[in-house]
Amino acid sequence: MNSKNLGGIGALMASAGMLIPYTGGGIVLAGLIILLIAYYNISKEFKRKQIWQSILIWFLFGVISFLFLTGFGLTSFLSLTSLAAKDQASFLKFLIPSIIFGLIAYTSFIIAGWHFYKTNQLTAKVYKQNIFRTAGLLEWIGALTSIIGLGLVVSWIAKIVLVVAFFSEKNQK
């Protein structure tokens with residue numbers, strides 16, 4: 001299977017998995033791994049190691065963001081249950097780590113979004129298809145606006161645009 005089809009399938013799985021309850025997370029993860037493989041193949045095919053380096057940084061910071069977002073959710077929950085129990089000492093004990101986890105998750109997500117944008121700028125150049133650049137830009141805007149909740153929708157739209165990019169590119173060298 002060529003990079004074009006692999007990337008399209010990975011992006012499709014990543015975008016569709018976001019809509020599926022319970023098992024969707026596994027589908028998203030599988031789609032992202034397939035996307036990684038597609039970008040690796042593109043970087044080898046066009047001899048552009050920057051594509052691989054940038055997408056790898058995107059993936060690593062995405063994992064970091066997910067882990068800290070999980071910590072944020074857990075400490076926020078514990079802080080709110082402490083507040084409900086009128087235990088202010090425990091509330092503050094969990095509130096401060098919650099804020100720190102949230103800030104690290106947000107910062108990691110922004111770094112990941114920037115590297116996704118960089119990757120797709122390079123991919124747009126090698127395939128001569130600006131729609132890759134649009135998908136990357138949407139992902140970065142999604143990362144920036146994730147703090148107000150809008151970012152998840154924008155990131156989802158970015159994955160759909162990426163599906164279109166992979167399935168419509170002309171595979172030029």
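**Entry: Lys128 and Lys47**

I looked up Lys128 and found it in the loop between H4 and H5. The model is a predicted one. Phi of Lys128 is near 55°, a positive value in a residue other than glycine. Is Lys128 buried or exposed? Its relative accessibility is 54%, and exposed means over 50%, so Lys128 counts as exposed.

I then turned to Lys47, which sits in the loop between H2 and H3. Lys47 is not a glycine either, yet its phi is positive, about 55°. Its relative accessible area is 72%. That is over the 50% cut-off, so I noted Lys47 as exposed.

**Entry: the overall fold**

I went through the helices and strands next. The protein has six helices and zero strands. Along the sequence I read the pattern α-α-α-α-α-α. I also checked the extent of the protein. Its C-alpha atoms fill a box of roughly 65 × 30 × 20 Å along the principal axes. The protein has 173 residues, and 39% of them are buried.

**Entry: two residues of H3**

I picked Thr70 and Ser76. Thr70 is in helix H3, and Ser76 lies in helix H3 as well.

How accessible is Thr70? I found a relative accessibility of 44%. Partly exposed covers the range from 20% to 50%, so Thr70 falls in that class. I also looked at Thr70 and Phe101, which are 31 residues apart along the chain. Their C-alpha atoms are separated by 8.5 Å.

Ser76 has a relative accessible area of 18%. Buried means under 20%, so Ser76 is buried. I paired Ser76 with Leu29, 47 residues apart along the chain. Here the C-alpha atoms are separated by 25 Å.

**Entry: the largest pocket**

I looked for empty space in the model. The largest pocket has a volume of about 1100 Å³. It is lined by 30 residues. Which of them are the closest to its centre? They are Gly62, Phe66, Leu69, Phe109 and Leu152.

I asked where the lining comes from. At least two residues each come from helix H1 (3-17), helix H2 (24-45), helix H3 (49-84), helix H4 (88-127) and helix H6 (150-168). H3 gives the largest share, eight residues. I sorted the lining by class as well. It has 19 nonpolar, nine polar and two charged residues.

**Entry: the salt bridge**

How many salt bridges does the whole structure have? My search found one. It joins the side chains of Glu139 and Lys159, at 2.7 Å from N to O. The pair links distant parts of the chain, 20 residues apart. Glu139 belongs to helix H5 (residues 131-144), and Lys159 to helix H6. I checked the accessibility of this pair too. Both Glu139 and Lys159 are buried.

**Entry: a nonpolar patch**

My last search was on the surface. I found a nonpolar patch formed by Ile147, Ile148, Leu150, Val153 and Ile157. Together they have about 480 Å² of accessible area.

I followed up on one member, Ile157. Its place is in helix H6. Is Ile157 exposed, partly exposed or buried? Its relative accessible area is 36%. This value lies between 20% and 50%, so I wrote down Ile157 as partly exposed. A residue needs over 30% relative accessible area to join a patch, so Ile157 meets that cut-off with its 36%.

Note on methods
Residues are numbered from 1 along each chain as its sequence is written. This is a predicted model: local features need pLDDT of at least 70, side-chain atom pairs count only at pLDDT 80 or more; totals for chains, interfaces and linings use all residues. Side-chain values use heavy atoms; hydrogens and water are left out. On a 1 Å grid over the protein atoms alone, a cavity is a set of points where a 1.4 Å probe fits but cannot get out, and a pocket is an open set with protein on both sides within 12 Å along at least five of seven lines; lining residues have an atom within 4 Å of a point. Grid points are joined across faces, edges and corners, and a volume is the space filled by probe spheres set on the points. Helices (H or I, at least four residues) and strands (E, at least two) are DSSP runs, numbered from the N terminus. Ala, Val, Leu, Ile, Met, Phe, Trp, Tyr, Cys and Pro count as nonpolar, Asp, Glu, Lys and Arg as charged, and the others, Gly among them, as polar. Buried means under 20% relative accessible area, exposed over 50%, partly exposed in between (1.4 Å probe, protein chains only). Patches are made of residues with over 30% relative accessible area and no salt bridge: like charges are joined within 9 Å, nonpolar side chains (Val, Leu, Ile, Met, Phe, Trp, Tyr) within 5 Å. Accessible areas come from the Shrake-Rupley method with a 1.4 Å probe; for residues, only the protein chains shown count as cover. A salt bridge is a side-chain nitrogen of Lys or Arg within 4 Å of a carboxyl oxygen of Asp or Glu.
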